[in-house]
Amino acid sequence: MVRVDGQPLELSYEEVDEHGQVSALCAGRSYALSLEGSPDRVSVTLAGLHYEIGLEDERERAAHAAERGGGKGGGIVNAIMPGIVVELLVQQGQTVERGQPLLILSAMKMQNEIAAPQGGVVERIHVAAGQAVSAGAKLVTLAVGVAAGP
Amino acid sequence: MFQRILIANRGEIALRVIRSAREMGIECVAVYSEFDAHALHTRMAHVAVPLGGKLPSQNYLVPEKIIAAAKATGAQAVHPGYGFLSENARFARAVREAGLVWIGPPAEAIEAMGDKLKSRQRMQAAGVPIVPGLTDPVADARAAGAAAQKIGYPIAIKAAAGGGGKGIRIVRDAAGLESGFRTASGEALSSFGDGRLYLEHYLDRPRHIEVQLLFDTHGQGVHYGVRECSIQRRHQKLLEESPSVVIDEATRDAMGEVALKAGRAVGYQNAGTVEFLWSNGKFYFLEMNTRLQVEHPVTEMVTGTDLVREQIRIAAGEPLGYAQQDVRWKGWAIEVRLNAEDFFHNFVPSTGTIRNLRLPGGPFVRLDLGLYEGMQVGLDYDPLLAKLIVWGADRAQAIARMRRALQELNIGGVRTSAPAALAVLEHERFQKGDFDTHFLEQLDLGKQHSEHDALVAAAAAIWRQRQATRQALAPRSGEREAWTERHRRALAQHTDRAARREGPAR
């Protein structure tokens with residue numbers, strides 16, 4: 001028995017193997033799930049559809065809330081994919097607008113402009129042109145909420 | 001017939017060729033990079049030769065190494081697969097000059113079809129309809145403006161040396177021509193080292209329809225009907241089918257005849273594909289692919305022909321042994337490309353280690369794959385992991401079967417294109433056959449599933465807890481401290497505690 005959004009959900013959960021194949025029975029129906037991932041981010045595939053589940057327990061939730069409340073976070077632009085930094089389009093200290101391209105990241109056949117998720121001042125650039133980066137790597141830190149230049 | 005051939009490729013296509021060759025009693029030589037020492041093609045060949053190096057430029061793209069491997073192992077012929085050196089005329093010639101047989105078209109035909117403008121000129125001269133526009137490069141923006149006026153807007157500005165969607169600009173009216181010309185020229189120069197541009201009329205709601213051809217070395221040629229490849233994005237195909245809802249039998253035969261004419265005009269031999277754009281009931285030559293194509297299995301499924309076997313027979317000098325009227329079509333086939341890419345994030349490449357595989361089966365389901373448990377998926381090679389192909393008595397049955405097979409499938413460790421393909425198959429417009437080459441780009445992949453959100457979130461929470469328990473049982477140094485307390489408790493209680501969905505389900 002688990003509660004989801006306050007509603008009880010009766011669920012039988014059996015791990016088929018150690019790799020992430022799971023058999024679930026719920027309300028008289030059978031589901032073959034595939035699960036994998038890290039403690040805070042679990043990928044589930046059910047009937048060909050893919051679900052990304054973000055998980056946090058009470059303690060983690062409190063910690064995340066404190067982080068957000070402190071005005072930090074949200075200012076770091078991460079690589080959404082592994083690739084190579086082709087060109088930097090901004091400099092440290094530069095004021096950028098939301099949507100303005102910060103750099104070009106190349107992966108396989110594609111060159112992708114990585115844009116600023118919000119306006120701000122470029123506080124730090126973590127990468128250099130020609131550098132290979134992995135998915136999730138820090139690219140640029142934006143100081144947000146800072147008054148734009150003159 | 002050959003006793004031994006070398007396959008100058010990797011991944012699913014190398015395995016595909018090995019399988020046909022084995023059935024023919026031919027021994028196979030695989031070549032492999034450092035990265036591919038455990039790959040399926042390396043394991044399933046009779047002989048495997050290491051080429052060294054991790055990057056394709058150090059192995060699969062080095063003609064000298066491949067030819068040396070063929071000589072050293074006594075292979076008599078080379079099958080290039082697709083990609084890599086398959087459309088490299090210099091390699092085809094080098095293979096021939098080394099006294100080996102090239103399982104593909106003559107180098108001269110590869111060259112004739114390799115240049116966009118030259119092939120347009122050749123096709124026009126042969127009476128093959130080409131997309132209206134120029135067959136010579138334009139000198140500058142002013143000349144382009146004058147030509148565009150004559151051809152009629154909208155206009156596609158294309159790089160003469162182009163490919164893969166690079167160096168193409170669509171211009172709707174005269175005002176946009178100059179800037180379009182400038183950016184296309186820059187992109188063509190940086191991508192291909194050749195800034196030459198030409199103009200084509202940009203067709204309205206185009207569909208990508210292609211014709212499979214086989215020519216033997218005795219002057220006999222047949223077409224194998226059409227494939228519809230309009231479900232694509234940035235010129236990368238996701239889903240192909242054969243035949244096509246817009247092509248009736250008479251049109252199929254007419255396109256087949258035109259395609260054969262195109263092939264004959266360049267002295268074609270072996271397997272090749274003529275690509276057409278189809279718009280408002282008319283079809284126009286786009287280009288010819290002088291190799292076996294990724295999507296060849298859908299043709300195999302509806303015609304009952306092993307195209308790789310035919311390629312090898314033709315290369316060995318055997319006559320086709322049948323004529324056009326002997327080619328028969330039955331039912332409908334669909335292929336889905338399973339690429340390592342993340343459709344949640346605009347199809348960016350996805351990397352990781354393959355695990356948690358669950359492969360589909362059942363009636364009329366075919367899986368051509370190159371992946372295996374533990375395979376590292378990086379950025380150095382093509383993202384195509386596998387191809388899922390189904391056959392049905394009609395299109396509706398094929399769609400239902402593909403949906404079923406995709407629902408059975410799981411590839412863990414990376415994101416794949418499977419959910420995107422499923423979204424296409426479930427779309428009303430796709431099911432009706434009402435789509436063009438822009439369909440996938442316009443498809444909203446953001447909104448999906450809600451029915452099982454609660455179940456999935458609960459399962460994820462339980463999974464996390466079980467993982468934590470398992471890790472607590474086998475503690476290792478460097479484990480996250482934050483876990484410890486929670487895990488000890490879970491372990492002590494030894495029960496399935498209530499797991500609550502805390503985070504947002506996405």
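**Chain A against chain B, and helix 7 of chain B**

Between chain A and chain B there are 11 residue pairs in polar contact, both residues at pLDDT 80 or more; a polar contact is a pair of N or O atoms within 3.5 Å, where within protein one must be able to donate a hydrogen and the other to accept it, and residues adjacent in sequence count only if both atoms are side-chain atoms. By class, the side of chain A that touches chain B has 26 nonpolar, 13 polar and 14 charged residues, with Ala, Val, Leu, Ile, Met, Phe, Trp, Tyr, Cys and Pro taken as nonpolar, Asp, Glu, Lys and Arg as charged, and the others, Gly among them, as polar.

The model is predicted: local features need pLDDT of at least 70, side-chain atom pairs count only at pLDDT 80 or more, and totals for chains, interfaces and linings use all residues. Residues are numbered from 1 along each chain as its sequence is written, chains are lettered from A and ligands numbered from 1 in the order in which they are written, and side-chain values use heavy atoms, without hydrogens and water.

The rule finds 3 salt bridges across this interface, a salt bridge being a side-chain nitrogen of Lys or Arg within 4 Å of a carboxyl oxygen of Asp or Glu. R415(B) and E52(A) form a salt bridge at 3.2 Å, N to O.

I turn to helix 7 of chain B, residues 141–151, helices being DSSP runs of H or I with at least four residues, numbered from the N terminus. Here A144(B), A147(B) and A148(B) are buried, that is, under 20% relative accessible area, with exposed meaning over 50% (1.4 Å probe, protein chains only). These buried residues fall within an arc of 105 degrees seen down the helix axis, so they line one face of the helix; the arc is that of the directions from the axis to the C-beta atoms. On the other side, R142(B), A146(B), Q149(B) and K150(B) are exposed.

Note on methods. Helices (H or I, at least four residues) and strands (E, at least two) are DSSP runs, numbered from the N terminus.
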